[in-house]
Amino acid sequence: MSYYIRPMRKEDIPQVSRIDREAFPTMLPPPNFERELRNQMTHLYVVCDEDKKIDQVDIPVARTGTSGLVNRLKRWFNPARPGEDNTFQPENYSDYICGYVGFWVMADEAHITTIAVSEELQRRGMGELLLLTVFDRARELYANIVTLEVRVSNTGAQNLYLKYGFKQVGVRKAYYTDNREDAYIMTTGDITSSECRSLMRDLYQTHTARWGEARFSFPVH
Ligand SMILES: CC(C)(COP(=O)(O)OP(=O)(O)OC[C@H]1O[C@@H](n2cnc3c(N)ncnc32)[C@H](O)[C@@H]1OP(=O)(O)O)[C@@H](O)C(=O)NCCC(=O)NCCS
């Protein structure tokens with residue numbers, strides 16, 4: 001499996017929405033990714049499996065997505081000519097999305113608002129790549145720290161954040177509206193410091209040795 005990280009696009013919405021609903025089924029209403037993509041403050045990135053493409057007709061059409069239907073209609077109204085196979089037109093194929101992360105930057109702080117990896121693809125290093133992306137992009141946007149909230153019961157995600165240098169700095173009581181669960185506030189130190197950069201370099205090297213080289217659509221610093 002080869003990983004590719006790039007900014008999220010409109011055509012990714014059905015796949016990202018499916019991962020979001022699987023990861024956060026009780027969080028209502030579901031996020032409006034179309035609006036988030038237009039929001040200048042929000043930064044959304046996806047991790048894709050480079051060895052796979054997905055036929056948009058097969059993407060379950062999520063609440064806000066219509067690409068499956070649109071493509072099906074295109075095929076009905078534009079059938080293949082004799083000898084032509086229109087099922088392999090590249091525009092009908094999308095990157096296969098495995099996970100996504102969203103964050104916003106305000107002043108010197110990047111705040112991770114959401115992060116999820118498709119359930120059957122978890123524990124293969126993609127959460128780490130998404131976090132590395134946030135650190136890199138946040139530095140580009142002149143942020144000095146990264147913060148987030150995480151459910152007190154979500155020890156898997158907490159382990160990921162601890163591995164990347166986050167520390168628990170506080171608790172938000174009854175933060176989650178579905179079950180009034182508390183959230184830990186977790187924050188990094190200065191992400192522009194040489195200690196943090198060197199931790200990221202070490203973690204990335206270990207990650208590459210374990211999972212192979214990932215490709216990014218932007219220059220990683
Ligand atoms: C949290 C999440 C994004 C992690 O993604 P992932 O791709 O599975 O994580 P990775 O494979 O990159 O894991 C990296 C590290 O995180 C920690 N970790 C991740 N999942 C873990 C789990 N279930 N139990 C214990 N540690 C876990 C480990 O330290 C792991 O390092 P290791 O492989 O050396 O043990 C994923 O579990 C997920 O989508 N969960 C549902 C949504 C969610 O809870 N999001 C967080 C909201 S705050």
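Author: Welcome! In what follows, helices (H or I, at least four residues) and strands (E, at least two) are DSSP runs, numbered from the N terminus. This is a predicted model, where local features need pLDDT of at least 70 and side-chain atom pairs count only at pLDDT 80 or more, while totals for chains, interfaces and linings use all residues. Residues are numbered from 1 along each chain as its sequence is written, and side-chain values use heavy atoms, with hydrogens and water left out.

Reader: Let me begin with the overall layout: what pattern does the protein follow along the sequence?

Author: The protein has six helices and eight strands. Read from the start of the sequence, their pattern is β-α-α-β-α-β-β-α-β-α-β-β-α-β.

Reader: Is His 221 buried or exposed?

Author: Find His 221 in the segment after strand S8 (215–216). Buried means under 20% relative accessible area, exposed over 50%, and partly exposed in between (1.4 Å probe, protein chains only). Because its relative accessibility is 53%, His 221 counts as exposed.

Reader: Which residue has a side chain joined to that of His 221 by a polar contact of 3.3 Å?

Author: Leaving out residues up to four places away in sequence, His 221 touches Asp 136, Arg 137, Arg 139 and Glu 140; contact here means heavy atoms within 4.5 Å. A polar contact is stricter: a pair of N or O atoms within 3.5 Å, where, within protein, one must be able to donate a hydrogen and the other to accept it, and residues adjacent in sequence count only if both atoms are side-chain atoms. The C-alpha atoms of His 221 and Arg 139, 82 residues apart along the chain, are separated by 8.9 Å. The side-chain partner at 3.3 Å, though, is Glu 140.

Reader: Turning to the ligand, how much of its area does the protein bury?

Author: Two oxygen contacts come from different parts of residues: a polar backbone atom of Gly 127 is 2.8 Å from an oxygen atom of the ligand, and an N or O atom in the side chain of Lys 163 is 2.9 Å from one. Taken alone, the ligand exposes 910 Å². With accessible areas from the Shrake-Rupley method (1.4 Å probe; for residues, only the protein chains shown count as cover), the share that the protein buries is 79%.

Reader: Which element gives the most residues to the shell around the ligand?

Author: A backbone N or O atom of Gly 156 lies 3.4 Å from a nitrogen atom of the ligand. Two or more shell residues come from each of strand S4 (109–117), helix H4 (126–140), strand S5 (145–151) and helix H5 (155–163). The biggest contribution, six residues, is from H5.

Reader: How many nonpolar residues does that shell have?

Author: A residue is near a molecule or strand if one of its heavy atoms lies within 4 Å of it; of the 22 residues around the ligand, Val 117, Arg 123, Gly 125, Gly 127 and Asn 154 come nearest. For the classes, Ala, Val, Leu, Ile, Met, Phe, Trp, Tyr, Cys and Pro count as nonpolar, Asp, Glu, Lys and Arg as charged, and the others, Gly among them, as polar. Six shell residues are polar and six charged, while the nonpolar ones number ten.

Reader: Arg 123 caught my eye; what is its phi?

Author: Arg 123 sits in the loop between S4 and H4. With 80% relative accessibility, it counts as exposed. Although Arg 123 is not a glycine, its phi is positive, at about 65°.

Reader: Which element gives the most to the largest nonpolar core?

Author: A nonpolar core is a set of buried Ala, Val, Leu, Ile, Met, Phe, Trp, Tyr and Cys residues joined through side-chain atoms within 4.5 Å. Of the 40 residues in the largest one, Val 47, Ile 112, Leu 129, Val 146, Tyr 161, Tyr 164 and Phe 166 touch the most other members. The top contributor, with eight residues, is H4.

Reader: And where is His 43, and is it buried or exposed?

Author: His 43 is in strand S2 (residues 42–55). Beyond its neighbours within four places in sequence, it is in contact with Val 101, Gly 102, Phe 103, Trp 104, Val 105 and Leu 141. Its relative accessible area is 18%, so His 43 is buried.

Reader: Last one: what is the omega of the cis peptide bond at Pro 29?

Author: Pro 29 is found in the loop between helix H1 (13–23) and helix H2 (33–38). The cis bond joins Leu 28 to Pro 29, and its omega is about -5°.
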